Amino acid sequence: MHPITSPILALLAGVVLQLLLARTLTPAGKGILATAAAGTAFAASLLLVPGAMDGTVLHAVLLAAGDGGVALRLRVDGLGVLFMVMGTGTGAAILLFSIRYMEHEAQGVTRFYAIMLVFIAGLLVLAGAADMLGAYVAWEVIGLCSYSLVGFWYRRREAADGARKVLLITHLAGYGFLVGLVLVYARAGGTEWTDPAVADAFTTGVVALFLVAAMAKSVMFPLHTWIPEAMNAPTPVSALLHSACYVKAGVYLVARLYTVGDGQWQAAMGMPLAAVGCVTILVGVVFAMAQTDLKRLLAFHTVSQLGYIIVALSLGSGLGLAAGLFYCLSHALFKGTLFMCAGAVQHATGTRDLRDLGGLAAAMPWTARIWIIAAASIAGVPLTNGFVAKWLVFGAALDQGLMAIVMVAWIGSILTAFSFLKATVNTFYGAPSAALAGRRVHEAPPSMLAGMGVMAALCLVFGVAPQLLLVPVVAPAVAGLGVAWPLEAGWLGLLTGRGALALTTAGGAVLASVALGYAVYRFAGAPVAGPVSVYSGGEPLPAGDRPGAGDFAGMAEDAFHPVYALDPDPVYRAGWRRLTRLAAAAASVARAVPERRPVLTVALTAAALAAGVWLV
Amino acid sequence: MDTVLLPLFAGIAAGVWLYARSIPQGGRSWWPLVAATIALVAVSRLAGHGWGAMLLAFAAELVAAALILSRGTPAAAAAARLFLGAMVAGTAAIATALALTGFGTMQPAAPLDKVAVALLMLGFALKLGLVPVYFWLPAVARASSVMTTAVIVAVVDVAGFCELLALREAMPWVFEGYAAVWIALALASLLGAGLLALAQSELKPMLAFSTIHDMGYLLLGVVLGGPEGMAGAWFAILGHALGKLVMFGAVGAAEWHLGAPPTLDTRGLSSSLPVAGAAFMLGALAFVGIPPTVGFLGHWRLYLAGAELGGPVLLAALFAGSAMGILCYVRAIHRTWLGPAGGTAGGPALPRAAAAVLLAFAITPVVLGLVPGAVGVAAPEAAVHATAPDVPPAAVAASLNTAASVAGGVK
């Protein structure tokens, strides 16, 4: 077994075993089996890291030639390894979380785990495909997996509707990838990413087509509207969809375009992508602030966070690409954690409506701690990987003198922090909600805590020591794209390059501050826990002396009212209505002539064909 | 080609037999008629390319008309008349054209060559139910049992299409010299039937229109020719036959369960018929050409052929057709099959044999998509290489540029 096919084959073996043992295993047993398969795939992916650090590019055939000599070939470089490690690692943690989450599901558990494993395998094939055709097949496979998983509870109207929206927006936009691919193949006679003939066949139009497909997968404005509707899936699906296996497919495609023609398309795609990314950052976070459904809130933050990643990739410099890829990995960790926390809350309380939550930190202390770490990370609090990611993005934008990007990213960060303050306070602090009165709320089971806890811990590890991720995974990925990014690591592996040294110093300063604050708290006498007045800066407080989720949302809606008009869904619906009207008109013509007067139709057709043949 | 077609027809015959034993499709006369239809089509394919084969295919069409009529309703009688009329007229047109060309052995002098081409176009348009002479297919779909329609679409229609493929090899001048008109005919079906499918509220006529829509694709593959176009048409016809059998079978299961034909107002059928729902979805995916099904292998080649010879305009028309196809099926899946059950529970459950047939035919396109060589699908490639275009590529390109303009107009 070749090292680069082994992670994929481990996942597919898991699928086969799921199907074979469907009648004998319990739901928990199926979960353990799926976790073991993903864990094995993760271990196999980690084995690829040393080779990637050496700059080795591995080749293998996954599916032998059968259709006209076309085989499914893999070519794994640093970028491929990064996505393989991310997909399998995040997937394994989420499947571990799923064991207890899904154990009470009455039916469809085999289907769930089998498709989850195919989903992860699909990302691996996408990341490893040597050519665009293989990548497109994997692209559509993960699209079908997400469709099936979002519609897992297909008897529920909202789940079925969400699945439909996922399929339609991403598949129709995905035709951009296919059309681009066809045009490239027609000109170059091949679709290999690294083939110089393929690079020559690329045009600005082809790049634009690829980007449309990537934008829909990576929820860029205005193709982002499917993601909030996809929230009616089981939480592990949402976590996988948002963190690793779906929205990141578009990120991969954008990054991979740097391989074509040694990055010559950056000039064409850089500014449009940066503009789209900036708009997406702001639209995503502003919409997130108005949400009172915990998962929808997280979904809109995915939109916003993907904006940061795409902006970083659009910069085209080594630092920009490193920032984007580090952000991509960091987002997988903190967003996966946040979704699992939201799932644990919903599992325990039966709701994810922030207006019905509150005071859960007492009953779910570990979930609260894990949430806070991930929330701090997404908001960019120092000592978390989210801070490092934002730092790198700011640094890359400043290097190029793009102050507008810095401003947008900064505003986005502030609003993100505000939004998570709302979510954190309304979920875990304050008085328990009246809606939960009488309900016995319990802490998440150990396996669920382990799944999300590991990822939260990594948020801290990579926040304090980002070099653990930058040196073995991110730097080889940047090198794999053919872009120079000298990473200077000195004493004890600490980063010593320009910018990075300041980062390390800042991290140390924050760490010292936290330690000092804790010492003061411990030795100066901690205040007694109890309710305190809310500081409002003079603003009148709502009834109950406690601003709730609805108040936060209302305030956001008042403040950002014009932004909420930027909803592209009405435009899509209007297009659909026009098409159905056109179809109805065509049907009335068809009923009047071909179906009612077939002989006349045959005569007219014969005359038209004769005229056509005569004229040609 | 018969190494692919004969196993396909045998598989379809076995599937139809198993399905119809569980869910009755007609009276006692139905069984011999369906068996005779499939057998005559198979024998006509074995008879090669000549008058004998043509007469056998025509006999199969006559028996198929009797099959439609066997339902015994006034609607069935009307549909049978339309079908018979179209087949007789189509066969007469094709036979006249073939007589003019010595069965493809010569190109008659002008203007007889143009007459022959126009007659061939009209004949195949009638037989395949292309827009605008499609009138018999929706009528048959409405009035017949699902397996009757499935046999006509997946066996009789497919055999007619194979005859067209054979002519593409024997008489390349018919296609290459008049590519613009053929492409206009194909695009009219692709886009026109796509729109008409969107306008249907009943699933059976919707499937009929999507068959016509797909025939537009297949015709494009034949006209564009070359290895990509011909192989694309071959793979697509496999996806077409398998996908249509599955979807008609699933709709038949729904009709059996509900006691009435399912429409877009029917809700949540998958709750009571999960296997039929899953089969319909898989069949639709294969039909629309989503990877990794065999339908994608066909569509991929057709797109390539379209891009190579018709440029971005033809490619855009192909993708517009694909988009209409996916919109049509996704609407049907989500309105009729998924979501909460809306008074659809309580009918008889899907018999095991019928469920097994649906699953087998739904999974086959995926298996063939992953391992296309498994059933000798390489054979069409060999047939493709036998095609030797006699017309210079520049002439074809010029003709196709005209076609691209036509495509723009149609769109």
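## Two loops with unusual backbone

A:Leu383 sits in the loop that links α17 (365-379) and α18 (385-399) of chain A. This is a predicted model, and in it the phi of A:Leu383 comes out positive, near 80°, though the residue is not a glycine. Its relative accessibility is 14%, so A:Leu383 counts as buried.

Head over to the loop between α9 and α10 of chain A and you'll meet A:Val219. Here too phi is positive, about 50°, in a residue that isn't glycine. A:Val219 is buried, with a relative accessible area of 0%. For background, most residues other than glycine have a negative phi, and most peptide bonds are trans.

## Cis bonds

The loop between α9 (204-217) and α10 (226-229) of chain A also holds A:Pro222. The peptide bond leading into A:Pro222 from A:Phe221 is cis, with omega near 5°.

Chain B has a cis bond as well, from B:Pro291 to B:Pro292, with omega near 5°. Look for B:Pro292 in the loop between α13 (274-288) and α14 (294-337) of chain B.

## A helix pair in chain A

Helices α15 (residues 318-349) and α21 (residues 467-480) of chain A pack at about 125°, their axes 9 Å apart. That makes α15(A) and α21(A) oblique to each other, and their crossing is right-handed. Among the residues in contact are A:Leu325 and A:Phe326 from α15(A), plus A:Val473 and A:Val474 from α21(A). Sorted by class, this contact has 11 nonpolar residues, one polar and no charged ones.

## A covered helix in chain B

In α11 (residues 226-258) of chain B, 28 of the 33 residues are buried. At 1.5 Å a residue α11(B) should span 48 Å, and its end C-alpha atoms are 47 Å apart, which agrees. Right after α11(B) comes B:Gly259, with a positive phi near 80°.

Note on methods:
Residues are numbered from 1 along each chain as its sequence is written. Chains are lettered from A and ligands numbered from 1 in the order in which they are written. This is a predicted model: local features need pLDDT of at least 70, side-chain atom pairs count only at pLDDT 80 or more; totals for chains, interfaces and linings use all residues. Side-chain values use heavy atoms; hydrogens and water are left out. Axes are lines fitted to C-alpha atoms, for helices over the stretch in contact, and angles run from 0 to 180 degrees between N-to-C directions. Helices (H or I, at least four residues) and strands (E, at least two) are DSSP runs, numbered from the N terminus. Angles under 35 degrees count as roughly parallel, over 145 as roughly antiparallel, 65 to 115 as roughly perpendicular and the rest as oblique. A crossing is left-handed if the near helix is turned anticlockwise from the far one by less than a right angle, and right-handed if clockwise. Contact means heavy atoms within 4.5 Å. Ala, Val, Leu, Ile, Met, Phe, Trp, Tyr, Cys and Pro count as nonpolar, Asp, Glu, Lys and Arg as charged, and the others, Gly among them, as polar. The expected span of a helix is 1.5 Å times one less than its number of residues. Buried means under 20% relative accessible area, exposed over 50%, partly exposed in between (1.4 Å probe, protein chains only).
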